Amino acid sequence: MNTPGYYRFPALHHDTIVFTSEDDLWSVPASGGTARRLTSGLGQASHPAFSPDGKWLAIDLQGSLWIMPAKGGKAKRITDYFWDARQPVWAPDGSHLAYFAYRDGGYDLWTIRPDGTDAQRSEEHTSE
């Protein structure tokens, strides 16, 4: 890879790796090659997570969760900024995402549908 900067938060789906560098998401074949920028100017993107079918990415973007096509394209915010949502993980069937959200002095585990509906607190989790 000839991408300058740091490489963090890799996610793998079949033969594709998505990672964070210089606050943007990049994609590269697992076999190596030139990385391709997926985001630009959205803010500090991290913790990409592929949907089970590999078509979508959930990302942690400056305290909220966003969904975007895994091959690049327009991202859509699915949680509010004030929740400090972090580290999305897809359900095996792709129907929901789980994530931590900091609120009222502690972290809670939440689930939400990829379209941003049906957000529910799953259990209280008070350690950081």
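**Entry 1: the hairpin of β3 and β4**

I started at the turn between β3 and β4, where 6 residues sit between the strands and Gly32 takes a positive phi near 110°. I kept in mind that this is a predicted model. Next I checked how the two strands meet: β3 and β4 (residues 36-37) run antiparallel and are joined by 2 bridges. For a landmark, I noted that Trp26 has Arg37 as its bridge partner in β4.

**Entry 2: the other side of the story for β3**

I then looked up the pairing of β3 with β2 (residues 16-21), which is antiparallel and runs over 6 bridges. Thr16 is a handy place to begin tracing, with Pro29 in β3 as its bridge partner. The hairpin of β2 and β3 has 2 residues between the strands, and there I found Glu22 with a positive phi near 55°.

Is β3 mostly covered or mostly open? I found that 5 of the 6 residues in β3 (24-29) are buried.

**Entry 3: a sheet of four strands**

Moving along the chain, I asked in what order the strands of the open sheet are arranged. The order is β5-β6-β7-β8, with antiparallel pairing. At the edges stand β5 (45-50) and β8 (76-77); each has a single partner strand, so one side of each is left without a neighbour in the sheet.

Inside this sheet I followed β6 (residues 56-61) and β7 (residues 64-69), an antiparallel pair with 6 bridges. One bridge to look for links Ile59 to Trp66 in β7.

**Entry 4: Asp60**

I stayed in β6 for Asp60, which lies in that strand. Is Asp60 buried or exposed? Asp60 is buried, because its relative accessible area is 1%, and the cut-off for buried is under 20%.

Which side chain does the Asp60 side chain touch through a polar contact? I found Arg86, at 2.9 Å. Leaving aside neighbours within four places in sequence, the contacts of Asp60 include Gln44, Ala45, Ser46 and His47. Leu65 is also among them, as are Ala85, Gln87 and Pro88. Arg86 appears in that contact list too.

**Entry 5: Gly72**

My last stop was Gly72, in the loop between β7 and β8. Gly72 counts as partly exposed because its relative accessible area is 24%, which falls between the 20% and 50% limits.

I also looked up how Gly72 stands to Ser27. The two are 45 residues apart in sequence, and their C-alpha atoms are 8.9 Å apart in space. Ser27 took me back to β3, which covers residues 24-29.

Key: Residues numbered from 1 in each chain as written. Predicted model: local features only at pLDDT ≥ 70, side-chain atom pairs only at ≥ 80, totals over all residues. Heavy atoms only, no water. Pairing = 2+ DSSP bridges. Buried < 20%, exposed > 50% of the residue type's maximum accessible area, 1.4 Å probe, protein only. Polar contact = N/O pair within 3.5 Å; in protein donor to acceptor, adjacent residues only side chain to side chain. Contact = heavy atoms within 4.5 Å.
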